[in-house]
Amino acid sequence: MRTRLTIADWILSLIMVCLILVTVVPLLNALALSFSSNLAAVEPGIHLWPKEFSIVGYQTAWRKLQFWRPFMNSVYVTAVGSFLHMAASSMAAYALLQRDFPLRKPVIWLMLLSMTVPGEAIMVPLYIVNRELGLLNTYTSLIIAGMVSGFTILLLFNYFRSVPLSLMEAARLDGAGDFTIFTRVFLPVSKPGLAAVGLFQVVGRWNQFREPLLYITNKAKSTIQIALREVSMLSDATSGTDVVLANTRMAAVVIGVSVLVLVFPFVQKHFIQGIVLGATKE
Amino acid sequence: MGKLRLRKYAQLYLMVLPTIAYFLIFSIYPIIQGVITSTQKPRLLGGGEYVGLANYRDVLQDRTFWQALTNTLVLSGGMIALGVIIPFIVAIALHEVPFAPLRKLTQTIIYTPHLFSWVVVGGIWIQVLSPTRGLVNEVIKLFGAQPIHFLADTGWIRPTLILLNSWKGTGYNAVIYYAALSSLDPQIYEAATVDGASRWQKITKLTVPLLLPTVGVVFMLSAVGALRIFDQVFILRNAATTRTINVLMTYVYDLGMVQFRLGMSTAASFLVTLVGLFTVGFLRKAMRVDQTDLA
């Protein structure tokens, strides 16, 4: 194939490079600082590469500031929360598929109502509910928050719909119960949908901020985003006196995205389908 | 009980139980609880006293509320405008760029900040914008200018927040636009080429009109989020800027969780929700974005 590059093509490519730089330079700056020594981190100048390579920032964040604790807490809450979310929502989606199931209409009704009122609107009432249930300062409060979502149910419902009804009938004639049909027939077919939901959940729950802010006051149970915010705030932008050095703060930021890096490669692939479903089905 | 056919549907009931319990306890009950709280004032001996709509009146008479509303409108207006326009242009540029690997790379990279929490984005930019050793101000100093207190100066904080929002969200919205573009039939473009259309004509006469329906979707998605802005303001506000950027949701948080005026706080959040639902409903009608049908 023969293509001639015009000036327009070069300008377009330049735009792409600018977009990349605008995104990458701040990240590179943070990463470079995180791997700098205490002395290099406080030097003025433009840091895009570690000066005096050192992991002292990570050591300070992990041990002295005890980031290992909120990190582990977040890993636990994210894993359990994502799993329960997928389990509960997919079971509900399966139940909604059964046209003559008596609770089908009420569940749809509840689901639409919950999707109409945004979580932010009931922030304080939700705090009260958690307090009444004795869930303040428990991981359970964070795991339960957003355990079911209408969005996920709809997404999986659409996957489940692609399963031929005859398959379900055949399984039923073979004496399979609903739960067996669900796990043996429907879950395998909707692997891509479940993967998409799982990824969104991991990202969302790792980034969870408002819930721990409201429900968790016990420092031993706080999560990564709360710990990171506290460290970031310790650099006072107005006075310029750094209580915690830049290398430690940026190391904390890197720890704060570390788990996301593991899911990055898969997110883009599943992202478009999620968006298309989300945008048209919301 | 015959109607519910418990025996036949026993397993289905169990499967849907967590969902129903969740929605009842963490969605319906808080709404009811909230409505009740919003009509009560706490009594000294505990419990609440019914005060009708007094809390709502207090909110509407609170100058901080109007300040928060103004800030929300200004900030979200800027965020929506940039969130609709910049990704629109970026998506067209992505569509036009001749090298597929460069396109793919750009798409992946600019999408990445969307996955970061506001705490992470805040943490990075507090450093990058720091007046003492931040990257941006180091560059400004190279040009011999005075460093700018982006996050502490009341004149700079709003544009800074709007631009940070763009930095985080441009890739996300661009991918939505781009998805719409890549689902278009390439034959249309081939036909236009055969007819002798120039590249610019193809962009203005084909790509832009074909993208316009998606502008509605992106606008809706941004508008729905507009009244809910919380994290970025909560994380980036400080004593100097709080009055300039406090939004409705931080107002609700401060009332409820800091001052413990639960009645007034819930009243405020319901006012915001009503305005939000009204706006979204109006926009939906106006733009005919259809609701889901489960049938």
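## Close-ups of a two-chain predicted model

**View 1. Ile153(A), a buried residue.** Let's start inside chain A: Ile153(A) has 26 C-beta neighbours inside 10 Å, so it counts as buried. This is a predicted model, so what you see here comes from a prediction. Ile153(A) sits in helix 8 of chain A, which covers residues 150-160. Which residues does Ile153(A) touch, leaving aside those up to four places away in sequence? They are Ser89(A), Ala92(A), Ala93(A), Leu96(A) and Met111(A). Look for Met91(A) as well: Met91(A) is 62 residues away from Ile153(A) along the chain, yet their C-alpha atoms are separated by 8.6 Å.

**View 2. Helix 8 of chain A and its surroundings.** Now take in the whole helix that holds Ile153(A). Of the 11 residues of helix 8 of chain A, 9 are buried, so the helix is largely enclosed by the rest of the structure. Which residues of helix 8 of chain A are the buried ones? Reading along, you'll meet Gly150(A), Thr152(A), Ile153(A), Leu154(A), Leu155(A), Leu156(A), Phe157(A), Tyr159(A) and Phe160(A). For the chain as a whole, buried residues make up 42% of the 282 residues in chain A.

**View 3. Chain A, helix after helix.** Step back and chain A shows 14 helices and 0 strands. Is chain A compact or spread out? Its radius of gyration is 24 Å, well over the 19 Å that the globule rule gives for 282 residues, so chain A is more spread out than a compact globule. Along its principal axes, the C-alpha trace of chain A spans about 75 × 70 × 35 Å. Plenty of its contacts link distant parts of the sequence: among contacts in chain A with a separation of 6 or more, 70% are between residues 24 or more positions apart.

**View 4. How confident the prediction is in chain A.** The average pLDDT of chain A is 88, and 91% of the residues score at least 70. Where in chain A is confidence lowest, and where is it highest? The low end is helix 14 (residues 246-281) of chain A, with a mean of 75, while the high end is helix 7 (residues 139-144) of chain A, at 97. Go easy on residues 277-282 of chain A, where pLDDT stays under 50. For that stretch the model has 9 contacts beyond four places in sequence.

**View 5. A crossing between the two chains.** Here helix 6 (residues 123-132) of chain A packs against helix 1 (residues 6-38) of chain B, at an angle of about 110 degrees and with the axes 8 Å apart. That angle makes the two helices roughly perpendicular. On the chain A side, the contact is made by Pro125(A), Leu126(A), Ile128(A) and Val129(A) of helix 6. Helix 1 of chain B brings Ile25(B), Phe26(B), Tyr29(B), Pro30(B), Gln33(B), Gly34(B) and Thr37(B). Sorted by class, this contact has 8 nonpolar, 3 polar and no charged residues.

**View 6. The full meeting of chains A and B.** Zoom out from that crossing and you'll find 87 residues of chain B in contact with 83 residues of chain A. Which element gives the most to the side of chain B that touches chain A? Helix 1 of chain B does, with 19 residues. That side of chain B is made up of 56 nonpolar, 23 polar and 8 charged residues.

**View 7. Two helices running opposite ways in chain B.** Chain B has 13 helices and 2 strands. Two of those helices, helix 9 (residues 199-226) and helix 13 (residues 262-287) of chain B, pack at an angle of about 175 degrees, with their axes 11 Å apart. In other words, helix 9 of chain B is roughly antiparallel to helix 13 of chain B. Gly216(B), Met220(B), Ala223(B) and Val224(B) of helix 9 meet Thr279(B), Val280(B), Leu283(B) and Met287(B) of helix 13. The residues of this contact divide into 6 nonpolar, 2 polar and no charged.

**View 8. Ile229(B), buried in a loop.** Ile229(B) lies in the loop between helix 9 and helix 10 (231-236) of chain B. With 23 other C-beta atoms within 10 Å, Ile229(B) is buried. Not counting residues up to four places away in sequence, Ile229(B) touches Thr72(B), Leu75(B), Ser76(B), Val247(B) and Met249(B). Across chain B, 39% of the 295 residues count as buried.

Technical notes. Residues are numbered from 1 along each chain as its sequence is written. Chains are lettered from A and ligands numbered from 1 in the order in which they are written. This is a predicted model: local features need pLDDT of at least 70, side-chain atom pairs count only at pLDDT 80 or more; totals for chains, interfaces and linings use all residues. pLDDT is the predictor's confidence in each residue, from 0 to 100. Helices (H or I, at least four residues) and strands (E, at least two) are DSSP runs, numbered from the N terminus. Two residues are in contact if their C-beta atoms, placed from the backbone, lie within 7 Å. The radius of gyration is taken over C-alpha atoms; the globule rule is 2.2 Å times the number of residues to the power 0.38. A residue is buried if 20 or more other C-beta atoms lie within 10 Å of its own, exposed if 12 or fewer, and partly exposed in between; C-beta atoms are placed from the backbone. Axes are lines fitted to C-alpha atoms, for helices over the stretch in contact, and angles run from 0 to 180 degrees between N-to-C directions. Angles under 35 degrees count as roughly parallel, over 145 as roughly antiparallel, 65 to 115 as roughly perpendicular and the rest as oblique. Ala, Val, Leu, Ile, Met, Phe, Trp, Tyr, Cys and Pro count as nonpolar, Asp, Glu, Lys and Arg as charged, and the others, Gly among them, as polar.
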